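Please examine the sequence and the three-dimensional structure shown here before reading the report.

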Amino acid sequence: MTLKRVGLLALSLLLFISSVSCEKVRTEYSDSFFGTFDTIISVTAYSKNQSDFDKFKEELESEMFEYSRLYDKYVEFEGINNIKTINNNAGIKPVKVDERIIELLEYSIKTNKKYNGKVNVAFGSVLDVWHNYREDVVSGAVKKLPSLEELEFANQYTNIDNVIINKENSTVFIKDANTSLDVGAVAKGYAVEKIADSLVEKGYSDFLINAGGNVKAVGSPVRKNAKWGIGIQNPEAVKDGSQDKLVEVVYANDISVVTSGVYQRYFTVEGKDYHHIIDPDSLYPGQYYQSISIICEDSALCDYLSTNTFLMEPIKAMEQINSIENVEAIFILANGEIVYSSNIQKYLEE
Amino acid sequence: MFNKYDIALIITVVAIAGVMAFGLGESLGSPGNQLSISIDSKEYAVYNSKENQKIVIDLEDNYNVIELKDGKAKMLEANCPDGYCLRQGPITQGNETIVCLPNKMIVEFKEKQSSVDTVVG
């Protein structure tokens, strides 16, 4: 080997190493923040440096903040009309709102019609009864459940046809004074989907958002196994900590996983837990499952389906999942049995 | 055989490769057995998870007591209204967290299970 060759070899090695190192130059950053959607938002992204990541996180946080205020039904904010403003004006007058509210309502109503489902955004009056009892029991003010009479009374005012959406004027009017909106079953997933899209449009890639039970993973992690790993919580372990914490890990790229579970929001009366996913037929919490995790690319659809299937009996619920293309699910039944959708296997391999 | 420039070049290449390998290795390395407690997204304190202890956090609005025992962490006391954090865990490794939402507190081990990026549920 001549000296020149050695030199060339060394140079090309140098170039090779530096080109490899350029690809590896992005590193993993993680952070979390509170104050939106009544939950904790965790984020992981592969960024060039800390300041790029901080910029990304700020964009995410400010968008989450906006959506969270728009979809809030408990608090009004100066200068914006939100879901609470619409509810406050029920039976009074149409309210001019941001198009992001119109789009969410239209999406929810359309999707629920399409799947002949149980997720009604006009179910606010019944959900309010449960919400108030949960707050009161948790704070120690009372120690009882709502009565069936109370729930049935509220259930008279849940007709979606009383919600009048005028897209042209960008207004929403609830015709009946006792009817109210609750977008809790879909809002977070819908917002996360829209925000992820907008971040991608701004040029960001390879990030994961976990908004309290609602995961959206874009692109892929920069590492050997280039799939995101999303662990599915074991509901039993949340409550007593004695068992394996994860029942499964979902591995995928460009994916959303949304879990609805009995342990997320609940209260306890006489030793029995009552969770927050209310069946529109019984008017009591759904009884079939401990948790349902839906896996598909669209976080809004995942969020909708996780609530809707939670209120369906397992055989019918799984039929629904298996009938939708590119949607998979993991059901953890009330008795602990785990049921998988038919094409789940591709997501369970690293 | 080699003149001094060749040798310098080879040394440079090897040195750069070494630095790269070291840098890469370090970025993938584990932060050890540390329990991290953060409040409102800022790291409040880090504890050696090998040491059994009761960690009392008594701030203006927050009161939380975390027990660290045999490498497991558990929330023992909290002044939050819902008490959900008291019913979580004990946690034993990264990716598992105890969150006290009202007090904006996160308790987690720094060491992550490499293939799991997040936990949903």
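The sections below treat a helix, the strand pairings and the cysteines in turn.

## Basis of the report

The structure described here is a predicted model.

## Helix H2 of chain A

Helix H2 of chain A comprises 21 residues, from 50 to 70. At 1.5 Å a residue, a helix of this length should span 30 Å, and the end C-alpha atoms are 30 Å apart, so the expected and the modelled span agree.

Several residues of H2(A) are buried, among them Phe53(A), Phe56(A), Leu60(A), Met64(A) and Tyr67(A). The buried set also includes Lys57(A), Glu63(A) and Ser68(A). The buried residues cover an arc of only 155° around the axis, and therefore lie on the same side of H2(A). Their packing partners in chain A are strands S1 (27-36), S2 (39-47) and S6 (207-211), together with helices H3 (83-88), H4 (99-114) and H7 (187-201).

## A sheet with strands from chains A and B

Strands of a sheet pair through backbone hydrogen bonds, in either a parallel or an antiparallel manner. In this model, three strands form an open sheet in the order S9(A)-S8(A)-S8(B), with mixed pairing. Its edge strands are S9 (246-252) of chain A and S8 (118-120) of chain B, each of which pairs on one side only. From one strand to the next, the twist averages 30°.

Strand S8 of chain A, residues 228-233, is joined to S9(A) by six bridges, and the two run antiparallel. Within this pairing, Ile230(A) stands opposite Val250(A) of S9(A).

## A hairpin in chain A

Strands S11 (residues 266-269) and S12 (residues 272-275) of chain A run antiparallel and are joined by four bridges. Val269(A) has Lys272(A) in S12(A) as its bridge partner.

S11(A) and S12(A) form a hairpin with two residues between them. In the turn, Glu270(A) has a positive phi of about 50°.

## Cysteines

The count of disulfides over all chains is zero, where a disulfide requires two cysteine sulfur atoms within 2.5 Å. Cys85(B) is in no disulfide, and the nearest cysteine sulfur, belonging to Cys100(B), is 3.8 Å away. Because its relative accessibility is 1%, and buried means under 20%, Cys85(B) counts as buried.

Cys100(B) is likewise in no disulfide; its nearest cysteine sulfur is that of Cys80(B), at 3.7 Å. With a relative accessibility of 0%, Cys100(B) also counts as buried.

Key
Residues numbered from 1 in each chain as written. Chains lettered and ligands numbered in written order. Predicted model: local features only at pLDDT ≥ 70, side-chain atom pairs only at ≥ 80, totals over all residues. Heavy atoms only, no water. Expected span 1.5 Å × (residues − 1). Buried < 20%, exposed > 50% of the residue type's maximum accessible area, 1.4 Å probe, protein only. Arc of directions from axis to C-beta. Contact = heavy atoms within 4.5 Å. Pairing = 2+ DSSP bridges. Axes fitted to C-alpha atoms, helices over the stretch in contact; angles between N-to-C directions.
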